[in-house]
Amino acid sequence: LFDDAKRTATGIAVAPGGGLAAVADASGRVLVADLVAGRVVRLFAGVRRAECAWVEVEDGGRKPGLYLAILAPQRAQIRVWRCRFGGCVAAARVGLLDARLVGARHPARAFVAATQGDDLILEPVAPDARACRAAADAARESLRVAASRAKSRRALAAADAQNDPTEAALKAEAVVGQDNAAEALDDCVRTFAHPACLVAVLDVAARTATPQLAARARELAKAERVRAPLLDFDDATDELLGGLETALEAGSDPRLAEARAWLGAAEAAEG
């Protein structure tokens with residue numbers, strides 16, 4: 001997972017199911033590692049001597065959501081984060097001296113543990129269910145938007161690859177009303193290889209997008225219509241020059257053949 005000779009792990013907590021692990025190191029960081037993919041997917045900094053434990057919370061998904069509790073002793077503070085990605089759903093001061101973070105499984109739970117005299121004190125780490133649900137909903141919406149953006153990008157790229165302006169316009173109509181319309185338009189401008197397809201997409205955006213995006217699309221379409229004939233002219237010029245080179249190489253020009261014959265005769269006479 002790591003290529004860092006100076007990194008020293010001070011603690012590790014493996015999540016239920018074994019897919020993730022939280023690794024605390026001597027540099028005051030906590031790294032969340034994907035044990036299946038073999039890479040770090042998240043990093044928390046500024047938590048020296050951190051202790052970690054996993055917590056499962058019912059947050060509206062098909063199965064309990066996974067949350068990481070991190071105890072920072074130097075701050076006397078504990079925070080709970082949604083994993084893999086998501087915000088902080090709980091933060092609290094820890095009033096117990098020399099407190100430790102203890103994890104339990106089935107389901108995953110966490111406790112702040114400390115001793116007072118002969119007594120062992122366990123305080124459960126229980127993030128608010130509403131905060132967890134809000135964080136989970138935000139993460140699910142983010143994933144939905146990312147998936148929609150990827151689908152739109154593939155559909156538009158396929159239309160451009162086929163050089164089909166009609167299909168590009170149809171796909172653009174489905175994209176323009178989405179939240180990621182501006183990003184999709186930027187992708188088209190950067191990646192489209194066929195001017196006709198790009199103009200078709202820009203025309204759809206100019207008619208149906210929000211006023212600001214529509215104005216931008218009109219300006220881009222105007223510039224693309226000016227640029228397209230120049231590209232066609234360059235292609236025609238390349239084709240003409242290529243034809244001339246082929247003709248010369250093949251000797252199809254009689255004047256060239258005559259000149260070559262004369263040079264050949266002159267060289268033979270000199271020899």
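Reader: Which residues form a nonpolar patch on the surface?

Author: Happy to start there, with the reminder that this is a predicted model. The patch has about 260 Å² of accessible area, taking its members together. Those members are Ile12, Val14 and Leu35.

Reader: Is Ile12 buried or exposed?

Author: Let's place the residue before judging it: Ile12 belongs to strand S1, residues 9-14. Its relative accessibility is 61%, and the cut-off to pass is 50%. Because 61% is over that cut-off, Ile12 counts as exposed.

Reader: Ile12 also catches my eye for the pockets. Which residues are the closest to the centre of the second largest pocket?

Author: Good link to follow! The second largest pocket has a volume of about 310 Å³. It is lined by 20 residues, and the closest to its centre are Ile12, Ala13, Cys52, Ala53 and Gly103.

Reader: Which element supplies the largest share of the lining of the second largest pocket?

Author: Four strands each supply at least two residues here: S1, S2 (20-25), S5 (51-57) and S9 (100-104). By class, the lining holds 13 nonpolar, 3 polar and 4 charged residues. The largest share is 5 residues, and the element that gives them is S1.

Reader: What is the volume of the largest pocket, and which residues are the closest to its centre?

Author: The volume of the largest pocket is about 670 Å³. Its lining counts 25 residues, and the closest to the centre are Lys63, Leu66, Arg82, Cys83 and Arg84.

Reader: How many charged residues are in the lining of the largest pocket?

Author: Strand S6 (65-72), strand S7 (77-83) and helix H1 (129-161) each give at least two residues to this lining, and H1 has the largest share with 6 residues. Sorted by class, the lining has 12 nonpolar and 5 polar residues, and the charged ones number 8.

Reader: How many cavities of 30 Å³ or more are there, and how much space lies in the largest cavity?

Author: The count of cavities of 30 Å³ or more comes to 1. The space in the largest cavity is about 80 Å³.

Reader: Which helix supplies the largest share of the lining of the largest cavity?

Author: Residues lining the largest cavity include Leu156, Ala172, Val201 and Leu213, and by class the lining is 11 nonpolar, with no polar and no charged residues. Helices H2 (165-176), H3 (181-191) and H4 (195-208) each supply at least two of the lining residues. The largest share, 4 residues, comes from H3.

Note on methods
Residues are numbered from 1 along each chain as its sequence is written. This is a predicted model: local features need pLDDT of at least 70, side-chain atom pairs count only at pLDDT 80 or more; totals for chains, interfaces and linings use all residues. Side-chain values use heavy atoms; hydrogens and water are left out. Patches are made of residues with over 30% relative accessible area and no salt bridge: like charges are joined within 9 Å, nonpolar side chains (Val, Leu, Ile, Met, Phe, Trp, Tyr) within 5 Å. Accessible areas come from the Shrake-Rupley method with a 1.4 Å probe; for residues, only the protein chains shown count as cover. A salt bridge is a side-chain nitrogen of Lys or Arg within 4 Å of a carboxyl oxygen of Asp or Glu. Buried means under 20% relative accessible area, exposed over 50%, partly exposed in between (1.4 Å probe, protein chains only). On a 1 Å grid over the protein atoms alone, a cavity is a set of points where a 1.4 Å probe fits but cannot get out, and a pocket is an open set with protein on both sides within 12 Å along at least five of seven lines; lining residues have an atom within 4 Å of a point. Grid points are joined across faces, edges and corners, and a volume is the space filled by probe spheres set on the points. Ala, Val, Leu, Ile, Met, Phe, Trp, Tyr, Cys and Pro count as nonpolar, Asp, Glu, Lys and Arg as charged, and the others, Gly among them, as polar.
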